[in-house]
Amino acid sequence: MAEARCGLWARPFCGQLRAADAGRRVELAGWVRRRRDLGGIIFVDLRDREGWVQVLFPEEPLKSQAASLSHEDVVRVVGTVRPRPADMVNRELPTGEIEVLAEELEVLSTAHVPPFVVEDQVNASEELRLRYRYLDLRRPEMTRGLLLRDRITFAIRQYFHEMGFVEVETPILTRSTPEGARDFLVPSRLSRGAFYALPQSPQLFKQLLQVAGLGRYVQIARCFRDEDLRADRQPEFTQIDVEASFVQEEDIYTLIEGLFARIFPLVGIHPPERFPRLAWSEAMERFGSDRPDTRFGLELVELGAVSATCSFEPLQRAAAQGRVKGLVVPGGAAFSRKQLDELSEAVKPFGAPGLLWFRKTAEGYASPAKRALGEEGVAAFLAAAGAGEGDLLVAVGGPPKVVFAALGALRLQLARQLGLLPAHRHDFLWVTDFPLLEWDEETRRYYACHHPFTSPHPSDLERLESDPASVRARAYDVVMDGVELGGGSIRIHDPELQRRVFSVLGIGEEEARRKFGFLLEAFRYGAPPHGGIALGLDRLVMLMAGRESIRDVIAFPKTTAGNCLLTDAPNTVDEAQLAELHLRLT
């Protein structure tokens, strides 16, 4: 029996056969990709997750059996691997040097005509593909993404094991601690009127594991956030969750740089040994983003001083009450009026009323504000930005958040439009020194930029109560090609400092005890200094696979509306289930 089991698991995949297997008798199982009748011989391309191989059926009765096969039928074949004739070798196919001469054929399952062709070049809509996701995943392009994800995850676990980390599973059913995105709530049947929450991250538990003395923790963790979706965001996602005791920022940087040096070469990308560091304030001033793409120029320029002294009242007001910044587009003076109007429309979703542009061509100076500024005024703006003849200067004024968001997005749009994104270059960097807190005008209170357990920068502690907005966090994000791969921080381990931060956030002692009492209690019994990071595995694999959406590297993703088209979730439940949970819909 043991030999039979070994034989089964030793069976090769169709796509694994190579020239070295010539003469080998094999048993294969898979799906019929294509059937061809050529000169009295039936050829069948047999596909599995590793690829496909050509199988020949030259003689009866196998030839008649094979002639009745349809696309996606499931079959078992026994045969002998042999070299293809020299003029039939397909160098572009991994199995293209060999073929299998069939000796046995068994049809295991017949298939209906699929709703779309199971090939990489598919014309089906994404909705149809998600509805029949099991068929979509048979396509080699999709299969490769999942196989790559497996290789990456295995390498990650190997790396952290070698570095002395212990993998620990933390609870999925936990308590709600709403600080940031919305929780998914799970009603309790046994505790009437009470709810669990699905974890947005294992943050509190991984900190408790440091208090427990585990020292180095890692988890490939499932997390849940009830938030609006987009191409790189899902309601449930996977993160590489890391926490360690007795560490400083540099220790985390070194750890993650070592991890990337291990996994990125799997796809032919070789990160630098050490990543550049960029303070958050500099990243915003230069790129308008805290996850800047540094592979191209188009950096933001400061226009506050020239705006404050100009004769155009809207810019004067923007400089006095907020910020005025711009960016120079080399050769952009040739843009048509339609193109300029499109750029102006592009910044409006970020709260900007539009943008001003300035240019100098052989015909002279031009700008929508030229009547107010005059030629000298237009020239002053171009000179302040370092723009030359033939260049275009675009400017946005207003509240800092609006200006940075608008120009940061416009910068990326222009880079794509002008073909400035290099195809085979990848930039990695650390963004550091984030603000600890952010003021919200609507609620009139401060919020934690990361989470309330992030440690303030020691040199800023004296301003925690007097000038909270100026306090930097010991927080850091790792960025690749303008995409945030993950973020973390050094945590607060001193109960008194944690109380001060809660106080600035408007969280009183009673509320803190109610929400986080178990963590604060744990800190009383000897909490080590600790810190960590969480990396988005879905996003990481997406970039390594060269895909545009994380849905392409997740087996069963949701739509942008949060629906699973395959299982029709979320769906309604009957009244009896609701009654058992003491719930009623209104």
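Modeller: Before we start, one cut-off: a residue is buried under 20% relative accessible area, exposed over 50%, and partly exposed in between. Also, this is a predicted model.

Colleague: Thanks! So is Arg138 buried, exposed or partly exposed?

Modeller: Arginine 138 has a relative accessible area of 24%, so it is partly exposed.

Colleague: And which residue does arginine 138 form a salt bridge with?

Modeller: Its partner is glutamate 72, with the closest N and O atoms 2.8 Å apart. Glutamate 72 is buried, at a relative accessible area of 5%.

Colleague: Where do the two sit in the chain?

Modeller: Arginine 138 is in the loop between helix H4 (133-136) and helix H5 (140-162), while glutamate 72 is in the loop between helix H2 (62-67) and strand E4 (74-83). The pair therefore ties together parts that are 66 residues apart in sequence.

Colleague: Nice. How many salt bridges does the structure hold?

Modeller: There are 60. One of them joins glutamate 106 to arginine 76, with 2.9 Å between the closest N and O atoms. Glutamate 106 belongs to strand E5 (residues 98-109) and arginine 76 to strand E4, so this pair links parts 30 residues apart in sequence.

Colleague: What network are Arg76 and Glu106 linked in?

Modeller: A network of salt bridges that also includes Arg11, Arg25, Glu27, Glu103 and Glu104. As for accessibility, glutamate 106 is partly exposed at 36%, and arginine 76 is partly exposed at 21%.

Colleague: What about glutamate 496 and arginine 499, how are they placed in helix H14?

Modeller: They are three residues apart in H14 (residues 495-504), so about one helical turn separates them. Their side chains meet in a salt bridge of 2.7 Å, N to O.

Colleague: Changing topic to the sheet. What is the strand order?

Modeller: The sheet is open, with eight strands in the order E6-E9-E10-E22-E21-E20-E17-E11 and mixed pairing. Strand E6 (166-167) and strand E11 (277-279) are at the edges with a single partner strand each, so one side of each has no neighbour in the sheet.

Colleague: How many bridges join E17 to E20, and do they run parallel or antiparallel?

Modeller: Five bridges, and the strands run antiparallel; E17 covers residues 428-432 and E20 residues 475-480. Valine 431 stands opposite aspartate 477 in E20.

Colleague: Which strands does helix H16 touch?

Modeller: H16 (residues 537-545) packs on the sheet and touches E9, E10, E20, E21 and E22, its direction making about 110° with that of E10. Helix H8 (residues 280-287) lies across E11 and E17, at about 85° to E11.

How values were computed. Residues are numbered from 1 along each chain as its sequence is written. This is a predicted model: local features need pLDDT of at least 70, side-chain atom pairs count only at pLDDT 80 or more; totals for chains, interfaces and linings use all residues. Side-chain values use heavy atoms; hydrogens and water are left out. Two strands pair if DSSP finds at least two bridges between them. Helices (H or I, at least four residues) and strands (E, at least two) are DSSP runs, numbered from the N terminus. Contact means heavy atoms within 4.5 Å. Axes are lines fitted to C-alpha atoms, for helices over the stretch in contact, and angles run from 0 to 180 degrees between N-to-C directions. A salt bridge is a side-chain nitrogen of Lys or Arg within 4 Å of a carboxyl oxygen of Asp or Glu. Buried means under 20% relative accessible area, exposed over 50%, partly exposed in between (1.4 Å probe, protein chains only).
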